[in-house]
Amino acid sequence: MKKNITLSRYLVEQQRVDGLIPAQLRLLIEVVARACKRISHSVNKGALGDVLGTAGSENVQGEVQKKLDIIANEVLIEANEWGGHLAAMASEEMDSIYLVPNRYPQGEYLLMFDPLDGSSNIDVNVSIGTIFSVLKKPEGHPGVTEDDFLQAGAQQVAAGYCVYGPQTTLVLTFGDGVAMFTLDREQGSFVLTQENVRIPEDTKEFAINMSNMRHWDAPVKRYVDECLAGVEGPRNKDFNMRWIASMVADVHRILTRGGVFMYPWDKREPNKPGKLRLMYEANPMSWLVEQAGGAATNGRERILDIQPTKLHERVSVVLGSKNEVERITRYHLEA
Ligand code: P6P
């Protein structure tokens, strides 16, 4: 790999190659990356920075907000609102969309994000991350409404995440493969460390919260039972299990070495399709996984084909190594 290709150089060179990254989108991604650097800095302070613990409030999901959830949200809003590349933003931490203030120029893009995914891991020093998804604002009408965000994941023009772990790594796609950039704190830049990321089509590693087993639907139970049966069971091979309770960290492992991640519908909240959010968790992660040769369904249909009906819509998620996702989806369709 060429040495020391910074994110800025990669975006400029990629723009020349395939035109997938118009200037305003390049600016958007550079601003989001700079915001992720600032979030990483706050995260890394930990107890030294008075950023741990709860903020004493709840978000629209009814989840207790951590101080860093709110800090990360504010960093992303402040970094993006003045640049002229966005029409509006939406966040897991905000009930409704955030319109770019009139004092700033309006752009053609819509940015959605989970500012800090995996918050339950913040206080115990386990990897967390920022997930983001970019859509184009539909043309033909002035202003922006929540309906403008309700586009299927297949309409995304960019998607990515930044994982704050032993390294701070930004992972991106514009629809022409997946690239990874590691933050070089000495030069203060994200540096290209992997291109054309590929997920192995087979795996021996599954990720699910096993404590929910008694609540699962039959197809998920069937799949996990077969994994647990190992070499003596119908799969004729032993499996390993991981669950970090931080989607960004679990997905990063899968992009790096393969695996399958499941957060399926379960009987605890039968009227909800799942726990994870479609617009700013499942859609960006599903596009990244597909762009790396993996697959992503809600158990029955491709996640990127789902037509959202509300901003904070939830969805059941099965994603990762193509052959395992196809098997799990087949079990659902056979049930
Ligand atoms: P559980 C984090 O809160 C999150 O949204 C995902 O990042 C993660 O995969 C999941 O929830 C963990 O959920 O029920 O295992 O704590």
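Start by selecting A90 and M112: A90 stands opposite M112, a residue of strand β5. Keep in mind that this is a predicted model.

**Stop 1: strand β3 and its partners**

Now widen the selection to residues 86-91. This is strand β3, and it is mostly covered. Six of its six residues are buried, which means each has under 20% relative accessible area.

Add residues 109-117 to bring in strand β5. β3 and β5 run in the parallel sense and pair over five bridges. The A90 and M112 pair belongs to this part of the tour.

Next, select residues 98-99. This is strand β4, which pairs with β3 in the antiparallel sense over two bridges. Show M89 and Y98 to see one such position: M89 stands opposite Y98 of β4. Then trace the chain from β3 to β4. The link is a hairpin, and six residues make the connection.

**Stop 2: the ligand**

Select the ligand and the residues around it. There are 13 of them, and the closest are D117, N209, W243, M247 and Y263.

Check three distances to oxygen atoms of the ligand.

- D117: a polar atom of the side chain sits 2.8 Å from a ligand oxygen.
- M247: here a backbone N or O atom is 2.7 Å from a ligand oxygen.
- Y263: an N or O atom of the side chain is 2.6 Å from a ligand oxygen.

So which part of the residue should you display in each case? For D117, show the side chain. For M247, show the backbone. For Y263, go back to the side chain.

**Stop 3: the largest pocket**

Move to E63, G118, S119, S120 and K275. Of the 25 residues that line the largest pocket, these lie nearest its centre. The space in this pocket comes to about 440 Å³. Colour β2 (64-66), β5, β13 (260-263) and β14 (276-277): these elements each give two or more residues to the lining. Strand β5, the parallel partner of β3, therefore turns up again here.

Now colour the lining by class. You will find 10 charged, eight nonpolar and seven polar residues.

**Stop 4: the second largest pocket**

Finish by selecting K272, P273, R314, V315 and S316. They lie nearest the centre of the second largest pocket, which has 18 lining residues. Its volume is about 320 Å³. Colour this lining by class as well: seven residues are nonpolar, six are charged and five are polar.

Technical notes:
Residues numbered from 1 in each chain as written. Predicted model: local features only at pLDDT ≥ 70, side-chain atom pairs only at ≥ 80, totals over all residues. Heavy atoms only, no water. Buried < 20%, exposed > 50% of the residue type's maximum accessible area, 1.4 Å probe, protein only. Helix = DSSP H or I, 4+ residues; strand = E, 2+ residues; numbered from the N terminus. Pairing = 2+ DSSP bridges. 1 Å grid on protein atoms, 1.4 Å probe; cavity = no way out; pocket = protein on both sides within 12 Å on 5 of 7 lines; lining within 4 Å. Points joined across faces, edges and corners; volume = space filled by probe spheres on them. Nonpolar A, V, L, I, M, F, W, Y, C, P; charged D, E, K, R; others polar. Near = heavy atom within 4 Å. Polar contact = N/O pair within 3.5 Å; in protein donor to acceptor, adjacent residues only side chain to side chain.
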